[in-house]
There are 2 protein chains.
Amino acid sequence: MATGARHTDRREDALSRERIVDAAVELLDIAGESGLTFRALSAQLKTGPGAIYWHVANKSELLDAATDAVLSAATTGDHAGSPAERIRAVALGLFDAIDQHPWLAPQLANNPWKSVTLQLFDRVGQQVQALGVPSPAQFTSASALMIYILGAAGQNAANAANARTQQPDGDRAALLETESAAWERLDRAGYPFLHDIAAQFREHDDRAQFLAGVDLILAGITALRPQG
Amino acid sequence: MATGARHTDRREDALSRERIVDAAVELLDIAGESGLTFRALSAQLKTGPGAIYWHVANKSELLDAATDAVLSAATTGDHAGSPAERIRAVALGLFDAIDQHPWLAPQLANNPWKSVTLQLFDRVGQQVQALGVPSPAQFTSASALMIYILGAAGQNAANAANARTQQPDGDRAALLETESAAWERLDRAGYPFLHDIAAQFREHDDRAQFLAGVDLILAGITALRPQG
DNA sequence: GACATGCCTGGAACGCCGTTCCAAACTAGG
DNA sequence: CCTAGTTTGGAACGGCGTTCCAGGCATGTC
C-alpha cells in the first residue's frame, strides 16, 4: 500500500498535522500571533521548516486549522433555555474562547464566512428565528448580534494584548486606573462624555459589560418586532 | 538658529513628516496594508529607508499618523439633527471612511483608546446622553454602539479585501452570488438559518444593513430607558 | 570667500520572516 | 536485499523592519 492508509506503524515521534496544529496553538497562546513562526515551530517539534511544509500548505492554512481546533472544542455548548438565553450562551462561549486565546479575534474578524464562523452565525440565527422575528428582519438581527459579539471579543483581545505588552504583570486593574485617570485629565470641553464616565469605566467588568451589550441588542430586536 | 525653526528655506524636494504620511496613505489605499513598506515608500519618495526613519520612529507610528490624517479629515461632520440622527451620521462617516480606506479597520480595532477613537467615542457618548439614557447605562450604551460600528466596518473591510484578492475585478455582485449559492448548497439540517436567508443575503446592501443594525441598537437603548 | 557645525540624506548591512528546494533517511513491498 | 515511495530537516532565496554611518548641504562665524 503505497499511497492511502499512511501513518500506520511509523516511528513514535513522527510528525502529523495534528501534532503540528497542537504545537501551533501552544505557541500562539504563549507568545501571541507574532510568536507563531515556522522556525519556532520547527524548534519546538525538533525538526526543520521543510518537514512542516509537508503537512501544511502555508501559514494561513495553519492558522485556520488552529482556529478550527480551538473553536470546535469551545463551542460544543448546551442547547437549553429560552432563545435569548441560548444566544447569551453562544456569545459568552465565544467571548471566553477569545479571552483565553486572543489570537482568535483577528483570525475570525478577517475571515468571515469561514466554516466555523458560519456555524456560529447559523446558531445565532436559529435563536433569532425562535424569538419570533419576522423573516425580513432576521438577517439584520442575526448580523447585528454576530458583529457585536465578534467586535466586542476582538476589542477585548486587543486590550488584553496591549496590556500584556505594556505591563507584563497582567495587572488589569492598574491599566484601567491609568486609562480612567487619563480620561479625567482630558479637557472637559473637548471630551465631556469621557469625563463623566471615567469613574464607571474604572470599575467596569468586561464580561458583564459584554453581556449587557448583548442584552441591549436583544432588547432592540424585541422592541422592533411586531406585537412585542 | 541651529535647532528650533527648521525647514525654513531648505531645498524644494525636502522630506517632511507630512510628505511621508501622505505617501504612506497613498500606498495603503493602492496596495492595502501589506503594500506599505519602507522600501516601497523609499522608492516613491526617491530616497532611502534611512531618511524616512529620521522623520518617523517606526512603522507603527507611521500607521498611527496615517490613521490620524485620514480620520481627522473624514470625521469633521455636521452637528445637526436629533441625537439619533447624529449618531447615525457619526456611524456612517466612520463606515464610509473605512470603506474607502480598508486598512483603517484593523488599525482602529487593534488600538482602541487612541486619540482619534476616543474622540469618536466621546461624540457618540454625548448623543447617548442627549437621548436621555440614565447615567449608569450610558457607558454600556455608548460602548455597544462603538463596538458595533467598529466591528461592522471592520468586517466590511475584510470582505472587501477578500473580494479584491479573489476577484480583482471587484465584482461584488458575483461574490455575493457565489457565497449565497454556497449557503443554499449547505445541508438543511446543519444550517437551517443560512438556508432560509440565503436569498436575503444575496440582495442585501452593506450600507443599509449597517444602518439597520445601528437603529436596532438605538431601539434597544430606547426600550431599556425608563419612561421611554 | 573659507571654514566649522550640525541637520538631513540614502545606501549598505543585520537579523528575522515565509517559503522553496533537495539530498538524505527511512519504511514498505517484491 | 533492493527498489520505489514517503517523510525529513537543513540550506538557501527574496523581502521585511530596522540600524548604522559616511557623506551632502544649509547655516553662523570670521
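Student: Over residues 37-56 of chain A, what percentage of the chain is helix?

Tutor: Let's start with where this stretch comes from, keeping in mind that the model is predicted. UniProt, in an unreviewed entry, lists residues 37-56 of chain A as "DNA-binding region". Here the end C-alpha atoms are 13 Å apart and strand makes up 0%. The helix share of residues 37-56 of chain A is 75%.

Student: UniProt also lists "domain: HTH tetR-type" for chain A; how far apart are the end C-alpha atoms of that stretch?

Tutor: The unreviewed UniProt entry gives residues 14-74 of chain A for this feature. Over these residues the chain is 75% helix and 0% strand. The end C-alpha atoms of residues 14-74 are separated by 28 Å.

Student: How many helices does chain A have?

Tutor: Follow chain A along its sequence and you read α-α-α-α-α-α-α-α-α-α-α. There are zero strands in chain A, and the number of helices is eleven.

Student: Is chain A a compact globule or more spread out, and what is its radius of gyration?

Tutor: A good first look is the C-alpha trace of chain A, which spans about 70 × 45 × 25 Å along its principal axes. For 228 residues the globule rule gives 17 Å, and chain A is well over that, so it is more spread out than a compact globule. Its radius of gyration is 22 Å.

Student: What share of the residues in chain A is buried?

Tutor: To count as buried, a residue needs 20 or more other C-beta atoms within 10 Å of its own. Apply that to the 228 residues of chain A, and the buried share is 35%.

Student: Which helix supplies the largest share of the side of domain 1 of chain A that touches domain 2 of chain A?

Tutor: The domain assignment gives domain 1 (17-69) and domain 2 (79-224) in chain A, and their C-alpha centres lie 28 Å apart. Eight residues from domain 1 of chain A and nine residues from domain 2 of chain A make the contact. On the domain 1 side, α1 (17-31) and α4 (59-74) of chain A each supply at least two residues. The largest share there, four residues, comes from α4(A).

Student: Now for the two chains: which helix of chain B gives the largest share of the side that touches chain A?

Tutor: In all, 43 residues of chain B are in contact with 43 residues of chain A. Helices α6, α7, α8, α10 and α11 of chain B each supply at least two residues of that side of chain B. The largest share is 15 residues, and they come from α8(B).

Student: Why can we say that the copies meet through the same surface?

Tutor: Compare which residues each copy uses at the interface. The copies meet through the same surface because the interface residues of chain B are also interface residues in chain A, and the share for which this holds is 100%.

Student: What kind of axis relates chain B to chain A?

Tutor: Two copies of a chain are related by a rotation about an axis and a shift along it. Here a rotation of 180 degrees with 0.0 Å of shift superposes chain B on chain A, with an RMSD of 0.1 Å. That is the relation of a two-fold axis.

Student: Which residue of chain A is in contact with B:Phe201?

Tutor: Begin by placing B:Phe201 in helix α10 of chain B. With 16 other C-beta atoms within 10 Å, B:Phe201 is partly exposed. Leaving aside neighbours within four places in sequence, B:Phe201 contacts B:Ser180 and B:Trp183 in chain B, and in chain A it contacts A:Phe139.

Student: Is B:Lys46 buried or exposed?

Tutor: Look in the loop between α2 (38-45) and α3 (49-55) of chain B, where B:Lys46 has its place. Its phi is positive, about 55 degrees, although B:Lys46 is not a glycine. A residue with 12 or fewer other C-beta atoms within 10 Å is exposed. B:Lys46 has 9 such neighbours, so it counts as exposed.

Student: What is the phi of A:Trp113 near?

Tutor: You will find A:Trp113 in the loop between α6 (104-110) and α7 (115-130) of chain A, and it counts as partly exposed with 15 C-beta neighbours inside 10 Å. Most residues other than glycine have a negative phi. A:Trp113 has a positive value instead, near 70 degrees.

Note on methods:
Residues numbered from 1 in each chain as written. Chains lettered and ligands numbered in written order. Predicted model: local features only at pLDDT ≥ 70, side-chain atom pairs only at ≥ 80, totals over all residues. Contact = placed C-beta atoms within 7 Å. Least-squares fit on C-alpha atoms with pLDDT ≥ 70 in both. UniProt positions renumbered as here; feature names shortened; annotations may be inferred. Rg over C-alpha atoms; globule rule 2.2 N^0.38 Å. Domains from an automatic or database assignment.
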